[in-house]
Amino acid sequence: DEIIGNPDAMKMLVPDEEYLSSLNHYYREHKHRYRNRETRLNSKDGTEQWVLWSDISADFPVPGWSAWGVGVDITELKKMQKRLETSLAEKDILIREVHHRVKNNMQIVSSLLSLQADKVDNAEYRAAFRESVNRIQAMSMIHSMLYRVEDLTHISTTDYFPRLWSMLAAMYGAVARRVSFIDDVDQVPLSIDQAIPCGIIVNELLTNALKHAFPGDR
């Protein structure tokens with residue numbers, strides 16, 4: 001009774017003037033040709049409701065009516081969606097924290113191995129320690145990248161491999177030896193299950209190149 005025949009009915013349903021203006025603009029733009037428009041409305045008790053509106057005036061005209069349509073109450077659906085978004089955001093934070101902690105733990109192991117390597121007199125054993133450090137850091141870098149990137153399920157080869165090279169180049173003094181890296185890497189998204197073994201393989205290839213490909217400083 002409060003709505004029928006009331007020229008201010010829309011203001012009652014949508015008290016937010018800015019939002020009402022955006023709705024009116026949308027209705028004018030689409031001229032009875034819109035489907036499934038999610039609209040925020042206020043009910044009589046002041047609670048916010050969500051209605052999925054479809055204007056079907058153009059397809060099913062009713063004599064004497066300028067416009068009419070169908071609305072479906074999707075309030076509970078929107079609440080569920082909000083809960084899911086909140087839950088996903090919490091899981092996202094948790095996964096990032098896991099990657100961060102794994103990275104930190106790997107860095108600790110790497111540091112301990114480096115300290116141990118410094119105490120070893122045998123050059124062969126010391127090199128073995130260094131190579132173990134490289135492998136751990138190659139894996140640690142993946143977790144570090146997954147902690148920072150937007151997509152927690154994949155890392156990009158175009159980001160990862162140049163970073164891996166930079167780490168190894170610094171470790172083996174590549175710049176001083178005039179060794180440069182030509183970046184010709186395809187953009188391939190790797191899952192963490194793919195990235196870790198792939199990273200270790202590429203680490204071995206680059207390490208072998210730096211150790212054996214330039215004998216006599218050639």
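These legends go with close-up views of a predicted model.

**View 1. The long run of helix α3, residues 75–119.** Start with the ruler: α3 has 45 residues and reaches 67 Å from its first C-alpha to its last. That is close to the 66 Å expected at 1.5 Å a residue. Look along α3 for its buried residues, and you'll find T75, K78, R96, H99, K103, M106, S110, L113 and A117. What covers these buried residues includes β1, β2, β3, α4 and α6. Not everything in α3 is tucked away: E76 sits in this helix too, and at 52% relative accessibility E76 counts as exposed, because the cut-off for exposed is over 50%. If you want a sense of distance, try E76 and V202, which are 126 residues apart in sequence and 50 Å apart in space, C-alpha to C-alpha.

**View 2. Helix α3 alongside helix α4.** Here the two axes come within 8 Å and cross at roughly 165 degrees. Angles over 145 degrees count as roughly antiparallel, so that is the label for α3 and α4. As for handedness, α3 passes α4 in a left-handed crossing.

**View 3. S140, a buried serine in α4.** Zoom in on helix α4 and pick out S140. Its relative accessible area is 2%, so S140 is buried. Which residues does S140 touch, not counting those up to four places away in sequence? They are K103, M106 and Q107. Two of those names may ring a bell from the first view, as K103 and M106 are among the buried residues of α3.

**View 4. Helix α4 against helix α6.** This pair packs at an angle of about 140 degrees, with the axes 9 Å apart. Oblique or roughly antiparallel? An angle has to be over 145 degrees to count as roughly antiparallel, so α4 and α6 are oblique to each other. The contact is made from the α4 side by E131, N134, R135, A138, M139, I142, H143 and L146. On the α6 side, the residues are I192, A195, I196, G199, I200, N203, E204, T207 and K211. The spacing in such lists is easier to read if you recall that an α-helix has 3.6 residues a turn, so residues three or four places apart point the same way. The crossing of α4 and α6 is right-handed.

**View 5. Helix α4 against helix α5.** In this view, α4 and α5 pack at an angle of about 145 degrees, and their axes are 11 Å apart. From α4, the contact is made by E131, N134, Q137, A138, M141, I142 and M145. From α5, look for D159, Y160, R163, L164, M167, L168, M171 and Y172. The crossing is right-handed, with α4 passing α5.

**View 6. Helix α5 and what surrounds it.** At 1.5 Å a residue, the 16 residues of α5 (157–172) should span 22 Å, and the end C-alpha atoms are indeed 22 Å apart. Buried residues in α5 are T157, Y160, F161, P162, L164, W165, M167, L168 and A169. They pack against α4 (123–148), β4 (154–156), β5 (189–191) and α6 (192–212). Just after α5 comes G173, with a positive phi of about 60 degrees.

**View 7. S57 in its loop.** Find the loop between β2 (48–55) and β3 (69–73), and S57 is in it. Loop or not, S57 counts as buried at 9% relative accessibility, because the cut-off is under 20%. How far is the backbone nitrogen of W68 from a polar atom of the S57 side chain? The distance is 2.6 Å. Leaving aside neighbours within four places in sequence, S57 is in contact with H32, S66, A67 and W68.

**View 8. Two exposed residues, N36 and H212.** N36 belongs to the loop between α2 (17–30) and β1 (37–42). Although N36 is not a glycine, N36 has a positive phi of about 55 degrees. With a relative accessible area of 51%, N36 is exposed. H212 is found in helix α6 and, at 54% relative accessibility, counts as exposed. H212 and N104 are 108 residues apart in sequence and 31 Å apart in space, C-alpha to C-alpha.

Notes. Residues are numbered from 1 along each chain as its sequence is written. This is a predicted model: local features need pLDDT of at least 70, side-chain atom pairs count only at pLDDT 80 or more; totals for chains, interfaces and linings use all residues. Side-chain values use heavy atoms; hydrogens and water are left out. Helices (H or I, at least four residues) and strands (E, at least two) are DSSP runs, numbered from the N terminus. The expected span of a helix is 1.5 Å times one less than its number of residues. Buried means under 20% relative accessible area, exposed over 50%, partly exposed in between (1.4 Å probe, protein chains only). Contact means heavy atoms within 4.5 Å. A polar contact is a pair of N or O atoms within 3.5 Å; within protein, one must be able to donate a hydrogen and the other to accept it, and residues adjacent in sequence count only if both atoms are side-chain atoms. Axes are lines fitted to C-alpha atoms, for helices over the stretch in contact, and angles run from 0 to 180 degrees between N-to-C directions. Angles under 35 degrees count as roughly parallel, over 145 as roughly antiparallel, 65 to 115 as roughly perpendicular and the rest as oblique. A crossing is left-handed if the near helix is turned anticlockwise from the far one by less than a right angle, and right-handed if clockwise.
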